[in-house]
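Here are my comments on the model you sent. They start with the chain as a whole and then turn to single residues.

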Amino acid sequence: MDTRHVVERALVREARPEDDAVVGELLVEAFLTQYAKKLPDVVYGDERKRALRDVASRREVATVLVAEVDGRVVGTVALFKPGAPGSEAWLPNAADLRGLATAVSHHGTGLARPLMDAAEALARQWGVDAVCLHVRRGAEGVGRMYLRRGYVREPVGDMDLPTVFLEGYVLRFKQD
């Protein structure tokens, strides 16, 4: 497969119902592969896999974007409006970015960039003050990617859940 110029060939669009199955499998495969390499102690149980595959429910409460390359869905990200059910944003009038993933075949091609560009542009269209997101503790490479985009680490947004510790990051569009 030709992975050169993937970013230039990527079409980012809103997910449709017919994308749900491929997006769900992409999320499971990407997260399992990524964490197996970098955080081998991370285990994804059946409930977490089911939640990742439930793209239809996510589309009901968030805008799910997909990146298509050569007619194939190979990336995704979801953006929740402020106050949307399931949003984990800790700031008022902030969008919550979740589930950024690219197909394993496209890891390292820069495909996250157009997905993030589109999600941040959508957040700006919504008129939000910021975009909040969480990164699993220990996933330093993921955190660095967000820092390079202008996000800042914000411990007040951390979530210490029974199965995972998530570190908060925020990109502010409007300063306080």
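**Overall form**

1. With 176 residues, the protein chain would be expected to have a radius of gyration near 16 Å if it were a compact globule; the value is 15 Å, which agrees. The model is a predicted one, and every point below should be read with that in mind. Along the principal axes, the C-alpha trace spans about 45 × 40 × 30 Å.

2. The protein chain holds six helices and eight strands. Their order from the N terminus is α-β-α-α-α-β-β-β-α-β-α-β-β-β.

3. How much of the chain is buried? Of the 176 residues, 44% fall in that class. Contacts with a sequence separation of 6 or more are made to the extent of 66% by residues 24 or more positions apart.

4. The exposed area of the protein chain comes to about 9100 Å², and carbon and sulfur atoms supply 51% of this area. As for charge, there are 25 positive and 26 negative side chains. The centres of these two sets lie 3 Å apart.

**Positive phi angles**

5. D70 is not a glycine, yet its phi is positive, at about 55 degrees. The residue sits in the loop that joins β2 (63-69) to β3 (72-80). D70 counts as exposed because its relative accessibility is 61%, and the cut-off for that class is over 50%.

6. N93 is another residue other than glycine with a positive phi, here near 50 degrees. N93 belongs to the loop between β3 and β4 (94-102). Is N93 buried or exposed? Neither class applies: with a relative accessible area of 32%, N93 is partly exposed.

**The loop between β3 and β4**

7. P85 is also placed in the loop between β3 and β4. Its relative accessibility is 55%, so P85 counts as exposed. Leaving out residues up to four places away in sequence, P85 touches V61 and F80. P85 and L11 are 74 residues apart in sequence, and their C-alpha atoms are 28 Å apart in space.

8. S87 lies in the loop between β3 and β4 as well. S87 is partly exposed, since its relative accessible area is 22%; buried would require a value under 20%. Beyond its neighbours within four places in sequence, S87 is in contact with F80, K81, D96 and R98. F80 is thus listed for S87 and also for P85. From S87 to C132, 45 residues along the chain, the C-alpha separation is 9.4 Å.

**Strand residues**

9. A78 is in strand β3. Its relative accessible area is 3%, and A78 is therefore buried. Not counting residues up to four places away in sequence, A78 touches R58, T63, V64, D96, L97 and R98. D96 and R98 are among the contacts of A78 and among those of S87.

10. H134 lies in strand β5 (residues 130-136). The residue is buried, because its relative accessible area is 16%. Which backbone oxygen lies 2.7 Å from a polar atom of the H134 side chain? The oxygen in question is that of G157. G157 is also among the residues that H134 touches beyond four places in sequence, the others being E88, W90, M159, L166, E167 and G168.

11. Y169 is found in strand β8 (residues 165-172). Y169 counts as buried because its relative accessibility is 6%. Leaving aside neighbours within four places in sequence, Y169 is in contact with W90, V131, C132, L133, V135, G143, Y146, L147, Y151, V152, R153 and E154. W90 is listed both for Y169 and for H134.

12. Two C-alpha distances help to place Y169 in the fold. V156, 13 residues away along the chain, is separated from Y169 by 9.3 Å. A78 and Y169 are 91 residues apart in sequence and 16 Å apart in space.

Notes
Residues are numbered from 1 along each chain as its sequence is written. This is a predicted model: local features need pLDDT of at least 70, side-chain atom pairs count only at pLDDT 80 or more; totals for chains, interfaces and linings use all residues. Side-chain values use heavy atoms; hydrogens and water are left out. Helices (H or I, at least four residues) and strands (E, at least two) are DSSP runs, numbered from the N terminus. The radius of gyration is taken over C-alpha atoms; the globule rule is 2.2 Å times the number of residues to the power 0.38. Buried means under 20% relative accessible area, exposed over 50%, partly exposed in between (1.4 Å probe, protein chains only). Contact means heavy atoms within 4.5 Å. Accessible areas come from the Shrake-Rupley method with a 1.4 Å probe; for residues, only the protein chains shown count as cover. Lys and Arg count as positive and Asp and Glu as negative; His and the chain ends are not counted. The place of a charge is taken as NZ of Lys, CZ of Arg, CG of Asp or CD of Glu. A polar contact is a pair of N or O atoms within 3.5 Å; within protein, one must be able to donate a hydrogen and the other to accept it, and residues adjacent in sequence count only if both atoms are side-chain atoms.
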